[in-house]
Amino acid sequence: HSGLVVAGDGERIPLSTARIDGAVLECVLSLFIDKARALTELKRVLRPGGRLAISDVVVEDSLPPLLDGAAAWSCCLGGALSKREYVELIASAGFEVIHVRDNSVALAATIEKVRRRLALFEMSAVVGQVRLSDLGISSEVLERGRNIAAVLIGLVRRGALGYVLITAQNPRASTPSVAATGAGRQSESP
């Protein structure tokens, strides 16, 4: 089988109906304004039995003011939903949710790596290896980055922020969808 990469609007996918066997959305569903429309389009272009894998940031509690507005969107949090909301949205689009897995440990590790790199970058500037002004970066920007990383790690640790992998299937013609049956095979409750 050959792979297909298509550039286009996720709410108006430029493919014919039942064209693809699978789709992967890596940290992108949260960025769609009309998530339901994007999922409806994915269902349209997936063949019956086609698989969908979605991994994205989940927000289970309110975010602090530091993460409002542009900061939230730059961290992929602005349009993020809770795990339960994602599962319900996917099911309401007509997909059968097969598996839900929490990957928040990986999110915390990634944020920690970013925090350490920011600290290393700052130390490099202090000892003269890097001049922040030559790069158009101020010490205030680095400090804000460190503060945001610290807040994000705290949110992950207390369960207010996470990362989830959801796999789903476009039902075969004779199989009722999760939305119709109200049932689903999930590895953990959303």
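The protein chain contains six helices and four strands. This is a predicted model. In sequence order, the elements of the protein chain follow the pattern β-α-β-α-α-β-α-α-β-α. The C-alpha trace of the protein chain spans about 65 × 35 × 30 Å along its principal axes. Of the 190 residues in the protein chain, 41% are buried.

**Strand pairing and the β-α-β unit**

- Strand β1 covers residues 20-26 and strand β2 covers residues 46-59; the two pair in the parallel sense, over six bridges.
- Within this pairing, Leu25 has Ile54 of β2 as its bridge partner.
- Helix α1, residues 35-45, joins with β1 and β2 in a β-α-β unit, and this unit is right-handed.

**Backbone: residues with positive phi**

- Ala18 has a phi near 55°, a positive value in a residue other than glycine.
- Ala18 sits in the segment before β1, and its relative accessibility of 31% makes it partly exposed.
- Cys27 is likewise not a glycine, yet it has a positive phi of about 55°.
- The position of Cys27 is in the loop between β1 and α1.

**Cysteines**

- Zero disulfides are found in a search of the whole structure.
- The cysteine sulfur closest to that of Cys27 belongs to Cys76, at 4.3 Å, and the two are not bonded because this is too far for a bond.
- The cut-off for a disulfide is a pair of cysteine sulfur atoms within 2.5 Å.
- Cys76 is therefore in no disulfide either, its nearest cysteine sulfur being that of Cys27, 4.3 Å away.

**Nonpolar surface patch**

- Leu31, Ile33 and Trp73 form a nonpolar patch on the surface.
- Together, Leu31, Ile33 and Trp73 have about 330 Å² of accessible area.
- Ile33 belongs to the loop between β1 and α1.
- The relative accessibility of Ile33 is 75%, so this residue counts as exposed.

**Salt bridge between two loops**

- A search of the whole structure finds eight salt bridges.
- One of the eight is between the side chains of Asp61 and Arg158, with an N to O distance of 3.5 Å.
- Asp61 is in the loop between β2 and α2 (70-74), whereas Arg158 is in the loop between α5 (139-157) and β4 (161-169).
- The pair therefore ties together parts that are 97 residues apart in sequence.
- Asp61 is partly exposed, at 39% relative accessibility.
- Arg158 is exposed, with a relative accessible area of 54%.

**Salt-bridge network in helix α4**

- Arg115 and Glu112 form a salt bridge in which the closest N and O atoms are 2.4 Å apart.
- Both residues belong to helix α4 (residues 104-126); because they are three residues apart, about one helical turn separates Arg115 from Glu112.
- Glu112 also forms a salt bridge with Arg116, where the closest N and O atoms are 3.9 Å apart.
- The separation of Glu112 and Arg116 in helix α4 is four residues, which means about one helical turn.
- Glu112, Arg115 and Arg116 are thus joined into one network by salt bridges that share partners.
- Glu112 is buried, with a relative accessible area of 18%, because buried means under 20%.
- Arg115 is partly exposed at 30% relative accessibility, and Arg116 is partly exposed at 46%.

Note on methods: Residues numbered from 1 in each chain as written. Predicted model: local features only at pLDDT ≥ 70, side-chain atom pairs only at ≥ 80, totals over all residues. Heavy atoms only, no water. Pairing = 2+ DSSP bridges. Right-handed = clockwise from strand over helix to strand, strands pointing away. Patch = residues over 30% accessible without salt bridge, like charges linked within 9 Å, V, L, I, M, F, W, Y side chains within 5 Å. Areas by Shrake-Rupley, 256 points an atom, 1.4 Å probe, with all protein chains shown as cover. Salt bridge = Lys/Arg side-chain N within 4 Å of Asp/Glu carboxyl O. Buried < 20%, exposed > 50% of the residue type's maximum accessible area, 1.4 Å probe, protein only.
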